[in-house]
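This report introduces a structure to a reader who has not met it before, taking one aromatic residue as the starting point and moving outward from there.

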Amino acid sequence: MKRSSVFAAMLLAAAVAQAQAPQSEAAPAAPAAAPAEPVVVGSATPGPAAEQLIITDTKIGTGKEATVGATVFMHYSGWLYRPLAKNMHGKLFDSSIPRGEPLDFVLGAGRVIKGWDQGIRGMKVGGKRTLIIPSELAYGSRPSPGSNIPPNSALIFDVELVDVK
C-alpha cells in the first residue's frame, strides 16, 4: 500500500472511531481552545512573527564598531521571510557573496532599507547577524524593481560586517 494510502486509511479510521464513540449529553462543554499554530510537514515550529525588526547575532565581531555616519562594508544574502521554512529562509532574491564584492554604504543615511540602517548599527567588524525585517522597514507596499520581492514582504538577511571606515 502506498504511503499516502496508509495515511488516508489512518485518517478515515480515526474519523470512524470518533463518530462511533458514545457522546454524553450531561458532560459539560469543554472551553474553546485557542487555535493551534499552523504546522507544515517537515518543519519544527513556526518562527517569530515579523512584526518588528528581529536581530540575532550569530557571531560577535571584535573589530571596529558600525556607527551612524560611518561607511560600512557588508556581505549579505537576502531571502523572503517564511517562518515555517527551514531556518525561516524562503526564496533567495539577492546575495553579494557570489559577486565577491561587499556592499558599502553610509550607515544611517537612508541609502538602504530602514531595517538595515537599524539592524547593522552596533555590529563590529567580523560579526555576523541574521535580520528579520518587517515589510514596513523593508520595501513596504512598493516592491523593489527587478528583485522578485512581492509587495508587503517581510525579509530575512544574513549579514557580515567586513569593514568600517
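## A starting residue

Is Phe157 buried or exposed? In this predicted model, Phe157 has a relative accessible area of 4%, and because the cut-off for buried is under 20%, Phe157 counts as buried.

## Aromatic pairs

The structure holds five aromatic pairs. In one of them, Phe93 and Phe157 meet edge-to-face, with 5.7 Å from centre to centre and 90 degrees between the planes. This pair links distant parts of the chain, since Phe93 belongs to strand 3 (residues 89-95) and Phe157 to strand 6 (residues 155-164), 64 residues apart.

Another pair, formed by Phe105 and Trp116, is tilted, with 5.8 Å from centre to centre and 50 degrees between the planes. Phe105 lies in strand 4 (residues 103-106) and Trp116 in helix 2 (residues 114-120), so this pair ties together parts that are 11 residues apart in sequence. Phe105 is buried, with a relative accessible area of 5%, and Trp116 is buried as well, with a value of 3%.

## One cluster

The residues of these two pairs come together with Tyr76, for Tyr76, Phe93, Phe105, Trp116 and Phe157 form one aromatic cluster.

## The largest pocket

The largest pocket has a volume of about 210 Å³. Of the 13 residues that line this pocket, Tyr76, Asp94, Leu103, Tyr139 and Phe157 are the closest to its centre. Sorted by class, the lining consists of nine nonpolar, two polar and two charged residues. Tyr76 and Phe157 thus appear both in the aromatic cluster and among the residues closest to the centre of the largest pocket.

Technical notes
Residues are numbered from 1 along each chain as its sequence is written. This is a predicted model: local features need pLDDT of at least 70, side-chain atom pairs count only at pLDDT 80 or more; totals for chains, interfaces and linings use all residues. Side-chain values use heavy atoms; hydrogens and water are left out. On a 1 Å grid over the protein atoms alone, a cavity is a set of points where a 1.4 Å probe fits but cannot get out, and a pocket is an open set with protein on both sides within 12 Å along at least five of seven lines; lining residues have an atom within 4 Å of a point. Grid points are joined across faces, edges and corners, and a volume is the space filled by probe spheres set on the points. Ala, Val, Leu, Ile, Met, Phe, Trp, Tyr, Cys and Pro count as nonpolar, Asp, Glu, Lys and Arg as charged, and the others, Gly among them, as polar. Rings of Phe, Tyr and Trp (its six-membered ring) pair if their centres lie within 6.5 Å; planes under 30 degrees apart count as stacked, over 60 as edge-to-face and the rest as tilted. Helices (H or I, at least four residues) and strands (E, at least two) are DSSP runs, numbered from the N terminus. Buried means under 20% relative accessible area, exposed over 50%, partly exposed in between (1.4 Å probe, protein chains only).
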